[in-house]
Amino acid sequence: MCGIVGYVGPGSSIDVLLGGLKRLEYRGYDSAGVAILDESGELATRKRAGKLSVLTDDLQEAPIADGRTGIGHTRWATHGGPTDGNAHPHLGDGGRLALIHNGIIENFAELKQELLDAGEAFESETDTEVAALLVGRAYRETGDLQAALRSVVNRLDGAFTLLVMHRDEPGVVVGARRNSPLVIGLGDGENFLGSDVAAFVEHTRRAMEIGQDQLVAIRPDSVEVTDFAGAPVEAKEFEVAWDASAAEKGGWPSFMKKEISEEPDAVANTLRGRIVDGAVVLPELEPLAGALADIDRIIVIACGTASYAGMLGKYAIEAWARVPVDVELSHEFRYRDPVLTSRTLVVSVSQSGETMDTLMAVKYAREAGARTLSICNAQGATIPRESDAVLYTHAGPEVAVASTKAFVAQATALYLLALHLAEVRGVSTEEQAAERLEELQALPEKLAAVVESSSARIAELAGWMGDTQSVLFLGRHVGYPIALEGALKLKELAYIHAEGFAAGELKHGPIALIEPGQVVFVVVPSPREPSSLHPKVVSNIQEIRARGARVIAIAELGDVAVVPFADEVIRIPLAAPLVEPLLAVVPLHIFGMELAAAKGLDVDQPRNLAKSVTVE
Ligand code: F6R
């Protein structure tokens with residue numbers, strides 16, 4: 001939600017900022033702006049409503065002077081609509097100071113009144129301008145940008161990353177963060193700030209974390225981190241695990257298409273190094289080592305697609321480790337006064353590691369005495385830092401707003417956790433563990449086979465469905481989260497009504513939706529298991545078929561029982577029941593993408609959304 005870049009150094013600020021914003025555009029794309037301090041000491045800003053390309057074109061037509069100090073912003077509107085005037089940067093100190101912001105300043109109304117009473121005039125409807133004017137006033141008193149920002153941050157309630165520069169302090173960008181992301185990029189004679197490492201990975205892979213309630217000042221040759229009281233802080237340096245090319249489209253028509261094709265690698269990389277001599281090895285869980293054998297309950301908290309991965313984790317953890325698991329939406333979790341003890345393990349699942357709802361839920365759980373584990377994809381993100389331990393998924397950067405490869409990686413990490421728990425709690429035999437691990441290790445190859453075999457046919461089906469108004473998705477057991485995921489992808493990408501149902505629930509109401517021609521995707525479980533739900537799902541298919549539904553079944557190779565009842569069968573390779581859903585999800589990811597493409601929509605940046613939801 002809003003992308004932020006800061007730069008000080010000898011390079012072209014405009015190039016660095018626009019390059020960084022391009023990589024951060026997934027975070028928000030309704031307006032963008034830059035502020036540059038040029039060689040003559042003038043502070044110039046340019047900001048435009050619309051996607052980043054509008055700003056880029058504008059700068060090409062009417063360039064502003066380049067310089068060595070700059071900040072840039074791509075916005076996802078909260079306070080005030082997406083207009084030129086509400087776009088960032090906002091100015092303070094009579095236009096001598098520029099400030100950008102990610103987050104929400106909750107007490108902005110009272111601060112605004114205070115500023116109006118003091119005679120300040122506002123040019124936008126944003127909460128951000130309050131911060132710009134306050135820091136500007138503080139600068140007039142202190143003449144020191146760090147001190148000015150420090151004096152303001154403690155007056156702000158809510159979530160914020162702020163970057164600020166002043167024309168009287170060339171070569172300095174000062175940033176502060178509370179409940180919102182900011183990382184430092186360490187260059188050679190130049191330094192960077194960004195909402196995530198993608199902002200600067202093109203220039204450096206050396207990065208530094210900034211903790212909660214900390215302030216940073218970057219200059220070309222130095223980086224200074226302090227807490228909000230001004231005490232120096234030793235920031236942790238890390239190496240970004242991927243290079244800039246991983247976040248490039250690289251010839252693919254969309255990031256989403258590229259990322260679906262990377263689902264096999266996302267799983268393989270999440271497994272890599274974690275299976276040694278037939279056992280799961282997760283040294284990252286060391287901080288929880290003493291606790292894991294004793295936990296009596298797990299609560300998985302997450303939002304959207306990540307919560308569906310959490311549901312898959314529930315099936316695996318309960319089946320393999322025999323620990324009761326609840327899966328809750330993060331934003332509901334802490335408002336119902338949940339019962340948490342030191343024997344509760346709260347597992348958060350988040351691709352970005354910045355989702356505010358999940359972050360707040362993690363903090364709540366920790367304060368209530370529960371143990372916390374983060375499953376996260378983005379290095380240096382906030383949620384892992386706020387948790388007792390972190391299990392990183394290694395899906396690589398996910399740029400398309402709709403999550404795909406991160407989903408399969410999250411489920412894989414949860415399955416590894418389930419196997420680890422089963423082992424430390426002594427509830428699985430060596431043979432069982434070996435069999436399950438073998439299934440997981442075979443997954444990347446099978447995923448690649450599904451991408452290969454289903455892409456063309458799904459694209460064809462989607463191509464015929466450009467006018468479809470509604471699609472339903474059915475699944476049972478582990479197929480149910482997949483039905484939910486298929487429906488979510490379609491809503492967010494193709495903007496059509498889509499619902500996922502547990503197939504058994506159909507007869508309790510939703511079957512009334514079925515009318516002739518209604519398209520229904522059905523995730524069909526394998527018929528090979530003795531206790532398989534296969535016959536029941538085939539009955540469900542018959543029930544909807546009898547009412548005119550057009551059924552697209554996703555079924556394993558060799559399942560002939562489903563053929564007479566389906567209009568179309570998409571085949572997936574044979575896999576164990578808990579692993580199968582990770583194969584079934586691929587055609588649904590492809591379908592969401594292809595239907596959106598068939599409707600001429602922007603697959604990577606669907607309307608109204610942002611990838612990293614850093615507001616509650
Ligand atoms: C859907 C999607 C979202 C995210 C959700 C959580 O395609 O991407 O539903 O899964 O906003 O985001 P993270 O995983 O970053 O916490």
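**Note on the ligand site and the two domains**

1. In this model, a backbone N or O atom of A306 lies 3.5 Å from an oxygen atom of the ligand, a pair that fits the cut-off for a polar contact (N or O atoms within 3.5 Å; within protein, one must be able to donate a hydrogen and the other to accept it, and residues adjacent in sequence count only if both atoms are side-chain atoms). The model is a predicted one, in which local features need pLDDT of at least 70 and side-chain atom pairs count only at pLDDT 80 or more, while totals for chains, interfaces and linings use all residues. Residues are numbered from 1 along each chain as its sequence is written, and side-chain values use heavy atoms, with hydrogens and water left out.

2. Two side chains also approach the ligand through N or O atoms: that of E492 is 2.4 Å from an oxygen atom of the ligand, and that of S352 is 2.7 Å from an oxygen atom of the ligand. The protein covers 89% of the 410 Å² of accessible area that the ligand has on its own, as computed by the Shrake-Rupley method with a 1.4 Å probe.

3. Around the ligand there are 15 residues, of which S350, Q351, S352, T355 and E492 come nearest; a residue is counted here if one of its heavy atoms lies within 4 Å of the ligand.

4. The chain is divided into domain 1 (3–246) and domain 2 (255–598), with bounds from an automatic or database domain assignment. The contact between them (heavy atoms within 4.5 Å) takes 19 residues from domain 1 and 14 residues from domain 2.

5. Domain 1 and domain 2 bury about 1300 Å² between them, 54% of it on carbon and sulfur atoms; this is the accessible area (1.4 Å probe) lost on putting the two parts together, summed over both.
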